[in-house]
Structures are given as C-alpha cells and as structure tokens.
Amino acid sequence: MKYDKVKKNPVQLLSLTGFTVEEFESLLPTFKYEWEAYYSHYTLKGKVRERISYGRKTGLLPMISDKLLFLLSCLKNNPLQEYHGATFGMTQPQCNAWIHLLSGILVKTLKTLGELPDRNSLRMQRVLSECKDVLLDGTERPIQRPVDSDRQKSCYSGKKNA
C-alpha cells in the first residue's frame, strides 16, 4: 500500500488513518524533519550511525508519506501485525520493528507541534479557562474497591456485572 494511491481516494485515507488529505499533509513536514533527524544519527536498528546515509527508494517504506501512512493506519485500526505487515509487503518482525521505530518519531512530531495530551493540571486549567467549549472523554477508569461496605455502596451502583 502506497500513499500516492491512497490519497486519490480521500474517503479511504480517512478510514485508514482518521485524517483528511489536508490534515495528513500538514503533519507530513514535521514528521519528515523528525525522521531525518533520527535517521541521520541512527540506523534502523537503533545503533549509532558511523557513516552518512542516503535514503533508498527500494526499501519497504521508501517514501516518508508511506511511513506515516503505515503508522497511522496501524494506530487507528489496530490490526494484527501479521496482517498489517502483509498489507505493506513485509513480515511480522519487520512490521513490529517499524511500528516501534516510527511510534517514537510520531511522539516527537506531536510534541513539536504541541498536540500531545497534557498531564499537568495547572496548564490544563489555564487552557480550559481560555476555551469556551470543551468536550470531555467519558472513559471509565478503574479505582481501588473500598473494603468498607458503606463506601462500596457509594462507589458502585450495582448496575454493572463484571
């Protein structure tokens, strides 16, 4: 699967990655910068590079857009690595290595763009005070079950069977 073919069908790109063509291409320059910063100092196996590298056009993921498509489609759809690797013409171990390598580069990209989730409550309060509309994630988080029966009743409605 190559980005050049997928971008011709915006609906397919959106279903594979969760990004429109414009969003994907706005993320691409920063991702390319972070990839080149990594690849100029390290090999694909993470060893310190001893000589200059030249980008090969014959690799498994030759273009930077193919690398980003590979990672974003993996993160959105969460397929088995065997299946995802076969989709991109590689084996499961190669797929695993690429996922781990590109995930770190995507985190650096999102950090550079200021798009990582913030875990600092003070900064979060400042950002929320500047926003007029806020959408909250309603994901349940596990809590330690209280030993005291009165506290258990206050924490659990009894409507869920686990």
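**Exercise 1.** In this predicted model, decide whether L128 counts as buried, partly exposed or exposed.

*Solution.* Start with the relative accessibility of L128, which is 36%. Next, recall the cut-offs: buried means under 20%, exposed means over 50%, and partly exposed lies in between. L128 therefore counts as partly exposed. Now place L128 in the fold: it lies in helix α7, residues 121-130. Finally, look at its company on the surface: L128 forms a nonpolar patch with M124, V134 and L136. Together these residues have about 380 Å² of accessible area.

**Exercise 2.** Find which residues touch the most other members of the largest nonpolar core, and which helix gives this core its largest share.

*Solution.* The core has 29 residues, and the ones that touch the most other members are F24, W35, L68, F70, W98 and L102. Then turn to the helices: at least two core residues come from each of α1, α2 (10-17), α3 (21-39), α4 (64-77) and α6 (92-113). The largest share, 8 residues, is supplied by α3. As background, nonpolar side chains tend to be buried together in soluble globular proteins.

**Exercise 3.** Work out where K5 sits and which residues join it in a patch of positive charge.

*Solution.* First, locate K5 in helix α1, residues 3-6. Its relative accessible area is 64%, so K5 is exposed. On the surface, K5 gathers with K2, K7 and K8 in a patch of positive charge.

**Exercise 4.** Describe the setting of N96.

*Solution.* Begin with helix α6, where N96 is found. With 27% relative accessibility, N96 counts as partly exposed. To finish, compare N96 with Q81: they are 15 residues apart along the chain, and their C-alpha atoms are separated by 6.7 Å.

Conventions: Residues are numbered from 1 along each chain as its sequence is written. This is a predicted model: local features need pLDDT of at least 70, side-chain atom pairs count only at pLDDT 80 or more; totals for chains, interfaces and linings use all residues. Side-chain values use heavy atoms; hydrogens and water are left out. Patches are made of residues with over 30% relative accessible area and no salt bridge: like charges are joined within 9 Å, nonpolar side chains (Val, Leu, Ile, Met, Phe, Trp, Tyr) within 5 Å. Accessible areas come from the Shrake-Rupley method with a 1.4 Å probe; for residues, only the protein chains shown count as cover. A salt bridge is a side-chain nitrogen of Lys or Arg within 4 Å of a carboxyl oxygen of Asp or Glu. Lys and Arg count as positive and Asp and Glu as negative; His and the chain ends are not counted. The place of a charge is taken as NZ of Lys, CZ of Arg, CG of Asp or CD of Glu. Helices (H or I, at least four residues) and strands (E, at least two) are DSSP runs, numbered from the N terminus. Buried means under 20% relative accessible area, exposed over 50%, partly exposed in between (1.4 Å probe, protein chains only). A nonpolar core is a set of buried Ala, Val, Leu, Ile, Met, Phe, Trp, Tyr and Cys residues joined through side-chain atoms within 4.5 Å.
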